[in-house]
Structures are given as structure tokens and as C-alpha cells.
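Open the model in a viewer and keep the selection panel at hand. The stops below are meant to be taken in order.

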Amino acid sequence: MTATLFTLTFAVAAPFWALMILLPRWSWTVRIISSPLIVLPVVVIYALLVIPAFGDVLPAVASPTLDGVRDLLGTSDGAAAGWAHMIAFDLFVGRWAWLDSRERRVPALVMAPVLVLTILLGPLGLAAYLAVRARWRRPTVVRAPEPHRLG
């Protein structure tokens, strides 16, 4: 079952990445990606892997040591759980960056490689987006003055 869950982990996240990278202007993309629930399938896989091993996982993460984390991740179950953990957070970060980039009007051609980098090397993708983000400021909203009220 572990191998199946490992394989399924990226398979359930890939359609969301494809929407953000390949179809960024499709009206359904923004509807789908706007929901933080897109990470839920990966979270469920993570839970299926971690909850049965909670007695081993909790001590390793509550008081982490290099040897303890290595031992935890050095098993098939641990590696699959670690993979699901990474995929869930990478997708959540990618979703945030994509939504934020739309508000800032960052071109889709600029975002595509940033999102690919986020899929492959999550934190470096985040760093790349933070660098990109500094170049495109959010449009300022000019509010109309409120009408004067009498009375």
C-alpha cells in the first residue's frame, strides 16, 4: 500500500500544477486554485501514512535529532510520508504564489518556470517567487471619496 500511496501523491497534485502552468488564463483555473482544499487529497495520503506510525513519528519530530529523522525517513513508509509532506506544502506555496502573482499581474511566462522550480525544489521556488514578487507591486486601489452625509 505504501508504494501505491507514494505514486498517488504526485498524481493527485499534478492536475493543479498543470492548471497553474499550462492554463493560467482559463476561467476554471482561478475557480479551482482559489480553494485551499486543493491540497486535501495529498493531506489525506499523508494522514494515511503517518497516523498508523504516529507512535514512531511523534517522538522523532517532537525532539528531532539528525539520526532520529534519518531513521524515520529511511524506511519506505517514512520516505512516502516525507514525500507527501513535501508535495502538500509545495502545492500550497505554489497556489499562494500563483494567486499572488495574478493580483500583481506577473506574466504567466514569468510564473511558469517559478512554478516548475517550486514543484522540483520547493524552497528555491519560493525564493524565486519572492524575488519576482519584488518587481511587480500590487496595483493601488484609488477609492472614491465618500459622499458627505448630513445629519
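## Stop 1: α6 against α8

Begin with helices α6 and α8, whose crossing is left-handed. The residues that make the contact are D90, V93, W96, A97, D100, S101 and R104 on α6, and G122, L126, Y129, L130 and R133 on α8. The model is predicted. Turn the view until both axes lie in the plane of the screen: the angle between them is about 10 degrees, and the axes are 10 Å apart. An angle under 35 degrees counts as roughly parallel, and α6 and α8 are therefore roughly parallel to each other.

## Stop 2: α8 by itself

Select residues 122–135, which form helix α8. How far apart are the end C-alpha atoms of α8? They are 21 Å apart, in agreement with the 20 Å that 14 residues should span at 1.5 Å a residue.

Now colour G122, G125, Y129 and V132, the buried residues of α8. Looking down the axis of α8, you will find these buried residues within an arc of 80 degrees, so they line one face of the helix. For what covers them, show α6 (76–104) and α7 (108–120), which are included in that cover.

Rotate to the face of α8 that is turned away from its buried side, where the exposed residues P123, L124 and A131 sit. Pick P123 out of this group: its place is in helix α8, and its relative accessible area is 65%, so P123 is exposed, the cut-off being over 50%. Then add D90 to the selection. D90 and P123 are 33 residues apart along the chain, and their C-alpha atoms are separated by 8.1 Å. D90 has already appeared as one of the α6 residues in contact with α8.

## Stop 3: α7 against α8

Keep α8 on screen and bring up α7. Their axes are 5 Å apart, and the two helices pack at an angle of about 155 degrees. That makes α7 roughly antiparallel to α8. In passing α8, α7 makes a left-handed crossing. To display the contact, select V110, M111, V114, L117, T118 and L120 of α7, together with G122, L124, G125, L126, A128, Y129 and V132 of α8. The buried residues of α8, namely G122, G125, Y129 and V132, can be found again in this contact list.

## Stop 4: two loop residues

Go to R105, in the loop between α6 and α7. What is the phi of R105? Phi is near 60 degrees, a positive value in a residue other than glycine. Most residues other than glycine have a negative phi. R105 has a relative accessible area of 62% and is exposed.

Next select R25, in the loop between α1 and α2 (27–33). Is R25 buried or exposed? R25 counts as exposed, at 71% relative accessibility. Add A108 and draw a C-alpha to C-alpha distance: R25 and A108 are 8.4 Å apart in space and 83 residues apart in sequence.

## Stop 5: α3 and its surroundings

Move to helix α3, residues 40–50, and colour V42, I45, L49 and V50, which are buried. Down the axis of α3, its buried residues fall within an arc of 125 degrees, so they line one face of the helix. The cover over these residues includes α1 (2–22), α4 (54–62) and α6.

Of these, take α6 and display it with α3. The axes of α3 and α6 come within 9 Å and cross at roughly 155 degrees. Angles over 145 degrees count as roughly antiparallel, and α3 and α6 are therefore roughly antiparallel to each other. The crossing in which α3 passes α6 is left-handed. On the α3 side the contact is made by V42, V43, I45, Y46, L49 and V50, and on the α6 side by A80, A81, A84, H85, I87 and A88.

## Stop 6: the start of the chain

Finish with M1, in the segment before α1. At 71% relative accessibility, M1 counts as exposed. Select L49 as well: its C-alpha atom and that of M1 are separated by 9.4 Å, with the two positions 48 residues apart along the chain. L49 is one of the buried residues of α3 coloured at the previous stop.

Notes:
Residues numbered from 1 in each chain as written. Predicted model: local features only at pLDDT ≥ 70, side-chain atom pairs only at ≥ 80, totals over all residues. Heavy atoms only, no water. Helix = DSSP H or I, 4+ residues; strand = E, 2+ residues; numbered from the N terminus. Expected span 1.5 Å × (residues − 1). Buried < 20%, exposed > 50% of the residue type's maximum accessible area, 1.4 Å probe, protein only. Arc of directions from axis to C-beta. Contact = heavy atoms within 4.5 Å. Axes fitted to C-alpha atoms, helices over the stretch in contact; angles between N-to-C directions. Parallel < 35°, antiparallel > 145°, perpendicular 65-115°, else oblique. Left-handed = near helix turned anticlockwise from the far one by under 90°.
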